[in-house]
Amino acid sequence: MDVKCRSRAAADLRTAIVLSECDKLLHQALFTACNGITYIYLGHDWCIIQLGVPGVIHGFHVDTHFFTGNYAPRISVQVACLQDFIIFALNKLYHCLQERTELDLLQMRKILKPSIGYIPKNGNLLKMTELKPGYADSCHNFFHISSKQRWTHIRLNIYPDGGIARFKVYGIGQRDWSLCGPNDVEDLLSMTNGSVCLGYSDAHYGHPRHLIGLGRAADMGDGWETARRLDRPPVIKADENGILQVLGNEWTVFRLGHPGLITHIEIDTNHFKDSGTLIFKVKCEVSTINDGLGSRVIC
């Protein structure tokens, strides 16, 4: 009996043709066509994921919860850093693949070929590694990654197949600042631009890293609120300038995503109607410590 080897779906093969130029080492089309009537599937399963925030990856969390007898036994992770226009083109191509012929896709490969971005020679950020089954005491698989390169896409390979409940990528956001003009106003303290919380005095009701998150806070718990200080006087008074006479203050330290000239500061007390901060002060300095952290903001 003749054997015909093909991909799981024609759309997968068409996708492979486009992606093989844009991330050659992330995806290789290993599908061979021959005449016959019986189908077998070769290779392994995989998916390509665009990171929500491009940045430096420090670790992976692979959760196989509930997948006890059908969990993915092994995985590997490959990476690439693609330029913005390539990402835009890939997203557009993905939505129109069903309407394209293979001749159209071959023409697109020629367009996408030059200057697609940085793809490492090896491509593997995590080599083939075994996972544990999805029982409560073994389902969490953590992997530390030592990488200083900025990445935009990953390819998760599972060998040969199986199930994964959750896959999380931990790291620090890093923007491509070469695309910003010298007079552009940017949020230097945004988490998506690489800012990091380095320290704080108290985080009883909410961590100060919430301050640099995306968008506005959903509720008070999505902001930063400290516990009430036990060294406060029983009766709080104010001086002639209206400043409360209490001992000490709370603080947090941030590293800016990029050194820059600060022209605007925005303090959003949304949801904090009766417990918001009345007075604040911001101090800035350029770090002189040779730790590669760059500029810092102390507030």
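1. Arg-229 has a relative accessible area of 27% and is therefore partly exposed. The model in which this residue is examined is a predicted one.

2. The partner of Arg-229 is Glu-250: the two side chains form a salt bridge, with 3.6 Å between the closest N and O atoms. Both residues lie in the loop between β10 and β11, so the contact ties together parts that are 21 residues apart in sequence. Glu-250, at 25% relative accessibility, also counts as partly exposed, because the partly exposed class runs between 20% and 50%.

3. This contact belongs to a set of four salt bridges found in a search of the whole structure. Another of them joins Glu-186 to Arg-175, whose closest N and O atoms are 2.7 Å apart. Glu-186 and Arg-175 are both in the loop between β9 (166-173) and β10 (196-200), eleven residues apart. Glu-186 is partly exposed at 27% relative accessibility, and Arg-175 is partly exposed at 28%.

4. Arg-175 deserves a second remark, as it takes part in a further contact. Its charged end sits over the ring of Trp-177, at 5.3 Å from the ring centre. The residue is thus to be read together with both Glu-186 and Trp-177.

5. A further salt bridge is formed by the side chains of Asp-268 and Arg-216, at 2.9 Å from N to O. Asp-268 lies in the loop between β11 (252-255) and β12 (283-286), while Arg-216 lies in the loop between β10 and β11, so the pair ties together parts that are 52 residues apart in sequence. How accessible is Asp-268? At 38% relative accessibility, Asp-268 counts as partly exposed. Arg-216 has a relative accessible area of 55% and is exposed, because the threshold for that class is over 50%.

6. Aromatic contacts call for a separate point. The structure holds one aromatic pair. Phe-60 and Phe-167 form this pair, with 5.6 Å from centre to centre and 25° between the planes, and the arrangement is stacked. It counts as stacked because planes under 30 degrees apart fall in that class.

7. Which strands does the aromatic pair connect? Phe-60 lies in strand β3 (residues 45-63) and Phe-167 in strand β9, so the pair ties together parts that are 107 residues apart in sequence. Both phenylalanines, Phe-60 and Phe-167, are buried.

Terms used: Residues are numbered from 1 along each chain as its sequence is written. This is a predicted model: local features need pLDDT of at least 70, side-chain atom pairs count only at pLDDT 80 or more; totals for chains, interfaces and linings use all residues. Side-chain values use heavy atoms; hydrogens and water are left out. Helices (H or I, at least four residues) and strands (E, at least two) are DSSP runs, numbered from the N terminus. Buried means under 20% relative accessible area, exposed over 50%, partly exposed in between (1.4 Å probe, protein chains only). Rings of Phe, Tyr and Trp (its six-membered ring) pair if their centres lie within 6.5 Å; planes under 30 degrees apart count as stacked, over 60 as edge-to-face and the rest as tilted. A charge sits over a ring if NZ of Lys or CZ of Arg is within 6 Å of the ring centre and within 35 degrees of the ring normal.
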